[in-house]
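Welcome! Here are some exercises with worked solutions to help you find your way around a new structure. Have a look at it first, then try each task before reading on.

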Amino acid sequence: GYYEYREGMRLLDLIAQASGPEDYARAAKVRIYRRVPGPDGKLTEEVLKADLAAVLDGEMDKNIQLMNGDIVY
């Protein structure tokens, strides 16, 4: 679904807002699609790998900070 971004939001905040992962979710294979400006000023897409399983196990250093416009899959 679509969830509104809040300043300082992290991956776990988004998952909590979505009422947790779906049953079929592959928590170790989460991807975050982010548009960032390249050296020429054009937007390029960056794909970040996130390990939600590790975050849910308490590894908060892997709880990636989100940016406005990120798509989490």
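**Exercise 1.** Which residue in β2 is the bridge partner of Tyr33?

Step 1. Begin with the ground rules. This is a predicted model, in which local features need pLDDT of at least 70 and side-chain atom pairs count only at pLDDT 80 or more, while totals for chains, interfaces and linings use all residues. Residues are numbered from 1 along each chain as its sequence is written, and side-chain values use heavy atoms, with hydrogens and water left out.

Step 2. Now look at the strands. Strand β1 and strand β2 (residues 43–50) run antiparallel and are joined by 8 bridges.

Step 3. Tyr33 has Val47 as its bridge partner in β2. Another such pair is Arg35 with Glu45 of β2.

Step 4. Follow the chain round the turn. The hairpin of β1 and β2 has 5 residues between the strands, and Gly41 takes a positive phi near 90° there.

**Exercise 2.** Work out the order of the elements along the chain and the order of the strands in the sheet.

Step 1. Count the elements: the chain has 2 helices and 3 strands. Here helices (H or I, at least four residues) and strands (E, at least two) are DSSP runs, numbered from the N terminus.

Step 2. Read from the N terminus, and the elements come as α-β-β-α-β.

Step 3. Turn to the sheet, where two strands pair if DSSP finds at least two bridges between them. The 3 strands form an open sheet in the order β2-β1-β3, with antiparallel pairing. β2 and β3 are the edge strands, each pairing on one side only.

**Exercise 3.** Is Leu66 buried or exposed?

Step 1. Place Leu66 in the chain: it sits in the loop between α2 (52–56) and β3.

Step 2. Check its relative accessible area, which is 5%, so Leu66 is buried. The cut-offs are under 20% for buried and over 50% for exposed, with partly exposed in between (1.4 Å probe, protein chains only).

Step 3. List its contacts (heavy atoms within 4.5 Å). Leaving aside neighbours within four places in sequence, Leu66 touches residues including Tyr5, Leu14, Arg34 and Val72.

Step 4. Compare with Arg34, which belongs to strand β1. Arg34 has a relative accessible area of 9% and is therefore buried. The C-alpha atoms of Leu66 and Arg34 are 8.9 Å apart, although 32 residues separate them along the chain.

**Exercise 4.** Describe the largest pocket: what is its volume, and which residues are closest to its centre?

Step 1. Settle the term. On a 1 Å grid over the protein atoms alone, a pocket is an open set of points where a 1.4 Å probe fits, with protein on both sides within 12 Å along at least five of seven lines; lining residues have an atom within 4 Å of a point.

Step 2. The largest pocket has a volume (the space filled by probe spheres set on the points, which are joined across faces, edges and corners) of about 900 Å³. Of its 27 lining residues, Gly1, Leu14, Ile15, Val72 and Tyr73 are the closest to the centre.

Step 3. Find the elements involved: α1 (11–17), β1 (30–37) and β3 (71–72) each supply at least two lining residues.
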